[in-house]
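The following exercises are to be worked with the sequence and the three-dimensional structure at hand. Each task is followed by a solution in steps.

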Amino acid sequence: MSWVDLHRDVHWLDSRSLLSSLSELRLPNCQLDNMISSLGYVNFTSLTVLRLPSNNFSHNMPNWLFNFSSLWSLDLSDNSLKGQIPSTISNLQNLYHLNLSVNMLTGRIPESLGQLKHLEIVLLFSNSLCGPIPSQMGNLSSLSSLYLGTNKLNGTLPRNLGLLSNLVELSTENNFIEGMITEVNFAKLSKLKYLDMSYTSVVFNVTHNWIPPFQLEYISLAYCKVGPKFPAWLQTQRSLQALYLSYGGIVDTAPNWLWKWSSHIDLIVLSYNQIYGDLSQVMLNASFNANSNRFVGQLPHLSPYVIVFTIANNSLSGEISSFICQKMNGRSKLEILDLSNNALSGELPHGLTRWQSLIHLDLGSNYLSGKIPEFVGSLFSLKALHLHNNSFSGGIPLSLRNYTSLGLIDLAKNKLTGNIPSWIGERTHMMVLRLRSNEFFGDIPQQIC
């Protein structure tokens with residue numbers, strides 16, 4: 001039973017607890033707000049599955065929850081449960097699936113959790129749990145998924161977690177965890193596919209020739225110190241789909257193997273490091289975010305499968321036309337293009353009309369010149385247009401009137417002239433309009449005011 005409004009049924013628990021032979025109780029999204037029994041006890045002696053996610057519980061977890069030795073799945077996620085996880089959780093000796101995520105739980109993760117030898121899935125993310133991750137978690141030899149992200153956990157990552165040979169997913173992101181991460185932390189994790197330690201203060205200290213025991217599909221180490229050298233162990237990962245290394249403290253040249261190795265990856269994020277190298281001869285097959293690095297040369301070549309390409313705040317130069325008009329083997333799927341804060345020059349070429357998937361275009365803070373061409377208005381999917389801080393001249397093209405979903409136009413700090421057209425204030429979807437520091441004359445249209 002799900003998506004049934006039961007908030008008026010104040011005795012829902014008591015009525016169902018009379019069903020002593022009940023083995024599974026699933027009531028997600030039923031507007032329930034109380035798990036406290038007026039009878040003082042709950043008679044679920046045969047219950048194996050209790051799933052009550054996405055309700056309105058806002059009290060401590062009741063004691064009766066931890067009296068069912070037969071329970072193997074407990075899901076109370078996406079409520080507002082308060083208080084601590086009691087040590088009596090160790091009574092649930094047959095539990096294999098525990099989901100208490102997205103609540104308001106506080107206190108420490110009880111050490112007794114490490115006694116539940118059948119646990120395979122532990123989801124405690126998005127609470128306010130504090131203290132260190134108990135080393136007893138390393139006793140959970142059957143554990144395959146451990147999600148502890150977005151809490152207030154501190155201390156170091158227990159080394160014995162690296163002995164959990166069945167672990168597939170490990171997520172500790174957005175906590176106060178610190179300390180060194182070495183090969184020992186991953187010693188037996190041959191099945192690991194998903195690793196997220198982002199927004200912590202851990203420092204990776206592995207040897208240059210380390211070959212991990214795993215083949216990851218997803219890596220997020222944003223804000224972890226993985227530098228100053230570019231982590232060479234990444235080239236051993238042949239199944240990777242997404243890589244996040246922003247704010248990684250990398251001060252190094254992009255290795256030659258990076259570009260060929262990345263050809264099978266969907267997304268690479270290297271922003272806010274000090275990675276340098278010439279991109280002129282590079283072919284990118286993956287969506288790529290390298291904002292705020294030290295790349296030089298001309299813009300790279302893109303495959304038609306790239307969806308996001310952002311490389312703002314680097315030192316790229318050359319004519320914009322050579323990039324816009326590059327040959328592709330297929331229709332471009334690019335949706336987000338951010339080349340702002342570089343040293344690109346020239347006029348916008350007609351080849352821009354081939355990029356029909358563009359939603360966000362940012363060419364601001366370069367050395368672009370000439371008129372803003374009328375064909376800019378033929379990018380019908382565009383929602384944000386940034387051309388600020390260049391040397392564009394002439395008037396605002398009438399073709400911009402064609403857009404029905406354009407919510408941002410930034411033409412500030414150019415050399416645009418003429419009257420500000422009245423239609424520009426008639427765009428009902430327009431949220432941001434920046435025209436300052438140009439050479440416009442005449443009255444400001446009332447439609448804008």
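**Exercise 1. The largest pocket**

Task: State how many residues line the largest pocket, which of them lie nearest its centre, and what their character is.

Solution. The model under study is predicted.
Step 1. The lining of the largest pocket consists of 15 residues. Nearest the centre are F204, V206, V226, G227 and K229.
Step 2. Sorting the lining of this pocket by character gives 10 nonpolar residues, four polar and one charged.
Step 3. The volume of the largest pocket is about 240 Å³.

**Exercise 2. The largest cavity**

Task: Identify the residues that line the largest cavity and the elements that supply them.

Solution.
Step 1. With a threshold of 30 Å³ or more, one cavity is counted. The space in the largest cavity is about 30 Å³.
Step 2. Its lining is formed by Q298, L299, S317, G318, E319, S322, F323 and L344.
Step 3. Two elements, β23 (315–319) and α3 (320–324), each contribute at least two residues to this lining. The greatest contribution, three residues, comes from β23.
Step 4. By character, the lining of the largest cavity comprises three nonpolar residues, four polar and one charged.

**Exercise 3. The sheet that contains β23**

Task: Give the strand order of the open sheet of nine strands, and explain why β15 and β33 each have one side without a neighbour.

Solution.
Step 1. The order is β15-β17-β20-β23-β25-β27-β29-β31-β33, and the pairing is parallel.
Step 2. Because β15 (251–253) and β33 (439–440) stand at the edges with a single partner strand each, one side of each has no neighbour in the sheet.
Step 3. Within the sheet, β23 runs parallel to β25 (residues 343–346), and three bridges join the two strands. E319 has S345 in β25 as its bridge partner. E319 also belongs to the lining of the largest cavity.

**Exercise 4. Aromatic pairs**

Task: Classify the ring pair of Y223 and Y247, and determine which parts of the chain the pair ties together.

Solution.
Step 1. The count of aromatic pairs is 22.
Step 2. For Y223 and Y247, the ring centres are 4.3 Å apart and the planes stand at 20°, so the pair is stacked; the cut-off for stacking is under 30 degrees.
Step 3. Y223 is in the loop between β13 (218–220) and β14 (242–244), while Y247 is in the loop between β14 and β15, so the pair ties together parts 24 residues apart in sequence.
Step 4. Y223 is partly exposed, at a relative accessible area of 36%. Y247 is likewise partly exposed, at 35%.
Step 5. Elsewhere, ring pairs link W259, F288, F295, F309, F323 and W355 into a cluster. F323 is also one of the residues lining the largest cavity.

**Exercise 5. Cysteines and a loop residue**

Task: State how many disulfides are found, then decide whether C30, C130 and L363 are buried or partly exposed.

Solution.
Step 1. Zero disulfides are found in the whole structure.
Step 2. C30 has a relative accessible area of 0% and is therefore buried. C130, at 30%, is partly exposed.
Step 3. L363 is placed in the loop between β26 (360–362) and β27 (367–371). With a relative accessibility of 1%, L363 is buried.
Step 4. From C-alpha to C-alpha, L363 and S340 are 4.8 Å apart in space, although 23 residues apart in sequence.

Notes. Residues are numbered from 1 along each chain as its sequence is written. This is a predicted model: local features need pLDDT of at least 70, side-chain atom pairs count only at pLDDT 80 or more; totals for chains, interfaces and linings use all residues. Side-chain values use heavy atoms; hydrogens and water are left out. On a 1 Å grid over the protein atoms alone, a cavity is a set of points where a 1.4 Å probe fits but cannot get out, and a pocket is an open set with protein on both sides within 12 Å along at least five of seven lines; lining residues have an atom within 4 Å of a point. Grid points are joined across faces, edges and corners, and a volume is the space filled by probe spheres set on the points. Helices (H or I, at least four residues) and strands (E, at least two) are DSSP runs, numbered from the N terminus. Ala, Val, Leu, Ile, Met, Phe, Trp, Tyr, Cys and Pro count as nonpolar, Asp, Glu, Lys and Arg as charged, and the others, Gly among them, as polar. Two strands pair if DSSP finds at least two bridges between them. Rings of Phe, Tyr and Trp (its six-membered ring) pair if their centres lie within 6.5 Å; planes under 30 degrees apart count as stacked, over 60 as edge-to-face and the rest as tilted. Buried means under 20% relative accessible area, exposed over 50%, partly exposed in between (1.4 Å probe, protein chains only). A disulfide is a pair of cysteine sulfur atoms within 2.5 Å.
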